[in-house]
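The exercises below each set a task and then work through a solution step by step. Please keep the sequence and the structure open while reading.

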Amino acid sequence: MKVFNTQTRRKEEFVPVEPGKVKLYACGPTVYNYFHIGNARPFVIFDTLRRYLEHRGMEVAFVQNFTDIDDKMIRRANEEGITVKELADRFIAAYYEDAAALGIRPATVHPKATEHMPEIIDIIEKLMAKGLAYAVRGDVYFDTQAYKNHYGKLSGQNMEDLESGARVDVDEVKQHPMDFALWKTQKPGEPAWESPWGMGRPGWHIECSAMSMKYLGETVDIHGGGQDLIFPHHENEIAQSEGATGKPFVRYWMHNGFLNIDNEKMSKSLDNFLTVRDIRQQYDPEAVRFFLLSAHYRSPLNFSAEQIEQAKAALDRLYTARDNYLFILEKAEDKTSSDADTVLMDTAKAAVVRFDEAMDDDLNTADAMGVLFDLVKQANIGLGTDSAKAAVQAVLDAFAAMGDVLGLVKPKQQEDDAQVEALVAARATARKERNWAESDRLRDEIKSLGYTVEDTAQGQKVRKG
RNA sequence: GGCGCCAUAGCCAAGCGGUAAGGCGAAGGUCUGCAAAAUCUUUAUCACCAGUUCGAUUCUGGUUGGCGCCUCCA
């Protein structure tokens, strides 16, 4: 598999440190609110990456953190009149619900910053011991000047350029404008933890380093996040991690492009923030996932109602196709494959190969989805009453393999409803008698129970919805 | 000022040296008691200019138009 590495700015062959095992870390949400559609993009992307790696037989240790202590958390908790912990608990629970709706599987571990104070403090102490950090009145800062050799290597900036672009109102406590906080001293009313520098809380960047190292070791294979995290967040993670361990922190950096809303950047000032929680009220979340995977992960993507509706229509085609194949499978005979069957089985196998090739090319989900639709097209043409069971099954297997990686098209569940079955049976009789009025009446009645019945060459096909 | 990205049909989006995947939408056929589904046909010289090349959407330079980071942010 090839992966675009932000650090080198080119596609590189992905080789995990340990063959067959992948250590993957993705920056998770700060749980001060429901996560928004822009947050959802990396979650879906790295979930898909993880699924794909597993599909290729890799064992993936996937860590995605929760930032449950920072300025925004404290401010929001104060506004709500609850503790930071209560706020975090509420939105962590909400995260799992919304993520599940988007087909995002839970990571191997979802560590919380507040539960890793010893690990965080440990790294800071190492940095202090190496002269790469300094304490000032209870704050601790990373000393970019002392470290300077590599600072800026991920974002492609050098210290001088960063300085010239830096804000003028330099915090006087810091020795250098680029220095960043590892530990912040407690302010009145804020949650705080004990440390060698007094009561306080960790800076934002250090928590990811601490949790990544704790669960995945000093070097991870892939670290992902949004492009806006490249600087300063990931740059700082590298500095503090490599400063502390002397080892490479991350082998491949993957960053997803932005998601805009109606061609504008999502921002609070524009008041165009869309949370997944809200979107779920209006749209099928699976269509949202489809939409998020419909473009390459590094491209910018524009969210609009029209896009979601298009995605929904496309998704429906997939569901209809899958349900048709399942219906045909039930009726299909377990017979020797015809030439046409053999061709179709080969097509199905080839599709998975092409799908993998697309995904191997820096996770080209758009291309991969095209392969899925190609298979659907071929199967819709080739599969019919006279297809051998093996051919139908081959198509379904290929379909499922691709769908599983994309996290799209959920497995069909049995929908036994005695009342509906009786109506369908009655309708079959009416149809045999060519009593179309009764047939249509029964179809309406079935519809009113929430099912749709379609007439095919093989008889009636019923589906929910 | 520094670093970087993008421009492909009505909409979305792959491709990235040998004359354009796929989806949505639209129009017209086929099948069907009707409906649904499916299927067939039609719907693009790839922003502009100049180079390199036998050949460029694909490489180089430029122009125009969007956008991001450099400050909390996925």
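**Exercise 1. The chain as a whole**

What percentage of the 465 residues of chain A count as buried?

Solution. The model is a predicted one, and that should be kept in mind throughout. Step one is the burial itself: of the 465 residues of chain A, 51% count as buried, the cut-off being a relative accessible area under 20%. Step two is the inventory of secondary structure, which comes to 16 helices and 15 strands in chain A. Step three is the extent of the C-alpha trace, which spans about 90 × 50 × 35 Å along its principal axes. Step four concerns contacts in chain A between residues at least 6 apart in sequence, of which 76% join residues at least 24 apart.

**Exercise 2. Two helix pairs that share H12**

Determine how H12 is oriented to H14 and to H1, and which residues make each contact.

Solution. Begin with H12 (residues 339-360) and helix H14 (residues 389-406), whose axes come within 8 Å and cross at roughly 10°. Since angles under 35 degrees count as roughly parallel, H12 is therefore roughly parallel to H14. The crossing of these two helices, H12 and H14, is left-handed. On the H12 side the contact involves Asp 341, Leu 344, Met 345, Ala 348, Ala 351, Val 352, Phe 355 and Met 359, while H14 contributes Ala 390, Ala 391, Ala 394, Val 395, Ala 398, Met 402, Val 405 and Leu 406. By class, the residues of the contact of H12 with H14 comprise 15 nonpolar, no polar and 1 charged.

Now turn to helix H1 (residues 37-55), whose axis comes within 11 Å of that of H12, the two crossing at roughly 130°. H1 and H12 are therefore oblique to each other, and H1 passes H12 in a left-handed crossing. Here Thr 48, Tyr 52 and His 55 of H1 meet Val 352, Asp 356, Met 359 and Asp 360 of H12. The residues of the contact of H1 with H12 divide into 3 nonpolar, 2 polar and 2 charged.

**Exercise 3. Reading the open sheets**

Work out the strand order, the edges and the pairing of the sheet that contains E5 and of the sheet that contains E11.

Solution. As background, strands of a sheet pair through backbone hydrogen bonds, either parallel or antiparallel. In the sheet that contains E5, 4 strands form an open sheet in the order E5-E6-E7-E8, and the pairing is antiparallel. The edge strands are E5 (133-136) and E8 (200-202), each of which pairs on one side only. From one strand to the next the twist averages 20°. Looking at one pair within this sheet, E5 is joined to E6 (residues 139-142) by 4 bridges, and the bridge partner of Val 136 is Asp 139 in E6.

The sheet that contains E11 is an open sheet of 3 strands in the order E12-E11-E13, and its pairing is mixed. Its edge strands are E12 (264-265) and E13 (301-303), each pairing on one side only. The parallel component can be located by noting that E11 (residues 259-261) pairs with E13 in the parallel sense over 3 bridges, with Asn 260 standing opposite Asn 302 in E13.

**Exercise 4. Two hairpins**

Describe the hairpin of E1 and E2, and then the hairpin that joins E14 to E15.

Solution. Strand E1 (residues 2-5) and strand E2 (residues 10-13) pair in the antiparallel sense over 4 bridges, and Lys 2 stands opposite Glu 13 in E2. Between these strands the hairpin has 4 residues, and Arg 9 takes a positive phi near 60°. For the other hairpin, E14 (residues 451-456) and E15 (residues 459-464) are antiparallel and share 6 bridges. The bridge partner of Thr 452 in E15 is Arg 463, and 2 residues join E14 to E15 in this hairpin.

**Exercise 5. The setting of one glutamate**

Is Glu 286 buried or exposed, and which residues is Glu 286 in contact with beyond its neighbours within four places in sequence?

Solution. First place the residue: Glu 286 lies in helix H10 (residues 285-293). Next, its relative accessible area is 4%, and because buried means under 20%, Glu 286 is buried. Finally, with neighbours within four places in sequence left aside, Glu 286 is in contact with Ala 101, Leu 315, Tyr 319, Gly 407, Leu 408, Val 409 and Lys 410.

Notes: Residues numbered from 1 in each chain as written. Chains lettered and ligands numbered in written order. Predicted model: local features only at pLDDT ≥ 70, side-chain atom pairs only at ≥ 80, totals over all residues. Heavy atoms only, no water. Axes fitted to C-alpha atoms, helices over the stretch in contact; angles between N-to-C directions. Parallel < 35°, antiparallel > 145°, perpendicular 65-115°, else oblique. Left-handed = near helix turned anticlockwise from the far one by under 90°. Contact = heavy atoms within 4.5 Å. Nonpolar A, V, L, I, M, F, W, Y, C, P; charged D, E, K, R; others polar. Pairing = 2+ DSSP bridges. Buried < 20%, exposed > 50% of the residue type's maximum accessible area, 1.4 Å probe, protein only.
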